[in-house]
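Open the model in your viewer and keep the selection panel at hand. Each stop says what to select, then what is there.

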Amino acid sequence: MAENHPLLAPATLTLAKAGTQRPAYDRSRLRTGIVHLGLGAFARAHQALYTEELHAAEIGDWGMTGVSLQRPDQRDRLMPQAGLYTALQKDRTGVSVRIVGCVNSVMVAPEDPVAVVEAMANPRVKIVSLTVTEKGYCIDPATGRLQQNHPDIRHDLEHPGEPRTAVGFILAALERRRDEGMAPFTVLCCDNLPSNGRLLASLVSDFAALRDCGLATWVETHASFPSTMVDRIVPATTAEDIAEAARLTGLADAAPVVHEPFRQWVIEDRFIENARPRWERVGAELVGDVVPYEHMKLRLLNGAHSALAYLGYLAGHETIADTVEDPVLRAFVQGLWRDEIIPVVSAPPGTDLSNYAWMLLERFSNPAIRHRTWQIAMDGSQKLPQRLLATARERLAHNLPLPRIALAVAGWLRYVGGIDESGREIGVRDPLASHLRTVLDQAGHEPQHRVHAVLGIEAIFGSDLPRDVRFVDALTAAYTRLLTRGARNAAAELISAGF
Ligand code: CS2
């Protein structure tokens, strides 16, 4: 692996091989203005890179403290490197390499939650941003309300000064700031959820109301939760990526990230005291209303990603790039965009949705990005509502057919059953995995019974979809076809039937 290389550290930066971009500013002058909850690969390849590029132009107040809400891994890898890491931008034309310096420190919340609250309450901190994934919000995906019975939320109600959840940390730190007469920070949600800022504001408000009505009112009056649309494809880092980063830079990095060239960040410009990095100088779009961008991205990109993840996995494809190389699944996803999603999504100003979909296919085909179908298939119960079911509802409202969406949802249903098409066990990762398994086991083998049983999970399907005969019939037909014919043939039959 990387034993022959010196470790990545401030003192070894000058040894980086030619062609490696290094922080173009004095890191010792970087003060922490952002606390980021959930500093995974995505945030390090997206928000941190925008911020990094900005520092080359205006160094100062926007260093980042990362907080891991669960495991110590990121801290254990990053802190021996003083927060430095390598970002590899890859496509079919090659790789470009950058060492990133804007992460000042990484904390592990379960080890010292009080210290995390203190870091967030520091008056220099103006922004608390988050990428904690869909399940990190303790939300009921179908209703958008806080799951008050979630064990971690119950914990945070009993121990408000030592929280576990993102919502608990935000409220504890806002409370501290209120008590000390400080302005709140801006809360910047960067997860793939609809109206993510508004949603998080209402979760924090739900939680605050359970604790103290005065605090709830203060948060509602003073805090700000702009919504954002974030986009960049960033697969999980592998051992090969670690070896490649060391080979390219000459420095051993335990925590590189790999990403595609494309990126997009659309942010509602509602920051407390207008205190924010000038991210627009490096390509972010600051807008009044993020909703059209977010609908486009969640429904076209993420909707297609989930559809390809389930059908591709079942058809034996390891990555999204492999899946869209398969002519049948490529035609399937093109039809999904053209015939089922685009007709019911409004385009953001100046955007042509057919071009956008064409670009998505190019991005998905990037052979240098090995984005595993298994990785995207994770947490489907939290992803389906905003990615595929929202489009299904739009189509039903206009009385339009939805055979491809039904096949994608059927793919998910087949997948969470836990056995693949060749009889092998699937490693299903989902907060509802065991519930889904029980529900399906109890339903027996008849496809319509299995569909009926799963549609009964209100947190995923709400109360409307199970009552809509058109949806139930489409899903039952797709699922039956998937069971008898397999994912690839089921998609091929849809295409040859003229859908
Ligand atoms: C993917 C997203 O893992 C997933 O569910 O669909 O992470 C996707 O790659 C990003 O949203 C792209 O911006």
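Select Q21 and R98. In this predicted model, R98 of β5 is the bridge partner of Q21. Now widen the selection to the two strands. β1 and β5 (residues 94–100) run parallel, joined by 2 bridges.

Next, show the whole sheet. Which order do its strands take? The order is β1-β5-β4-β12. The sheet is open, has 4 strands and shows mixed pairing. Color β1 (20–21) and β12 (257–259): these are the edge strands, and each pairs on one side only.

Stay on the sheet and add α2. This helix packs on the sheet and touches β4 (85–91), β5 and β12. Look along β5: the direction of α2 makes about 70 degrees with that of β5. Then add helix α9 (residues 239–249), which also packs on the sheet. Its contacts are with β1, β4, β5 and β12. Compare directions here too: α9 makes about 100 degrees with β4.

Go back to α2 and select residues 47–57. Is this helix mostly covered or mostly open? Mostly covered: 8 of its 11 residues are buried. Pick them out one by one: Q47, A48, L49, Y50, T51, E52, L54 and H55.

Cysteines come next. How many disulfides does a search of the whole structure find? The count is 0. Select C102, which is in no disulfide. The nearest cysteine sulfur belongs to C190 and is 13 Å away. C102 counts as buried because its relative accessibility is 0%, under the 20% cut-off.

Move to C189. Why does C189 form no bond with C190? The sulfur of C190 is the closest cysteine sulfur, but it lies 6.6 Å away, so the pair is too far apart for a bond; the cut-off for a disulfide is 2.5 Å. C189 also counts as buried, because its relative accessibility is 1%.

Finally, zoom out and select the protein chain. There are 21 helices and 14 strands. The C-alpha atoms fill a box of roughly 65 × 55 × 45 Å along the principal axes. The radius of gyration is 23 Å, which agrees with the value near 23 Å for a compact globule of 499 residues.

Color by burial: 58% of the 499 residues count as buried. Switch on the surface: about 19,500 Å² is exposed, and carbon and sulfur atoms supply 50% of it. Last, draw the contacts between residues at least 6 apart in sequence: 78% of them join residues at least 24 apart.

Technical notes
Residues are numbered from 1 along each chain as its sequence is written. This is a predicted model: local features need pLDDT of at least 70, side-chain atom pairs count only at pLDDT 80 or more; totals for chains, interfaces and linings use all residues. Side-chain values use heavy atoms; hydrogens and water are left out. Buried means under 20% relative accessible area, exposed over 50%, partly exposed in between (1.4 Å probe, protein chains only). Two strands pair if DSSP finds at least two bridges between them. Contact means heavy atoms within 4.5 Å. Axes are lines fitted to C-alpha atoms, for helices over the stretch in contact, and angles run from 0 to 180 degrees between N-to-C directions. The radius of gyration is taken over C-alpha atoms; the globule rule is 2.2 Å times the number of residues to the power 0.38. Accessible areas come from the Shrake-Rupley method with a 1.4 Å probe; for residues, only the protein chains shown count as cover.
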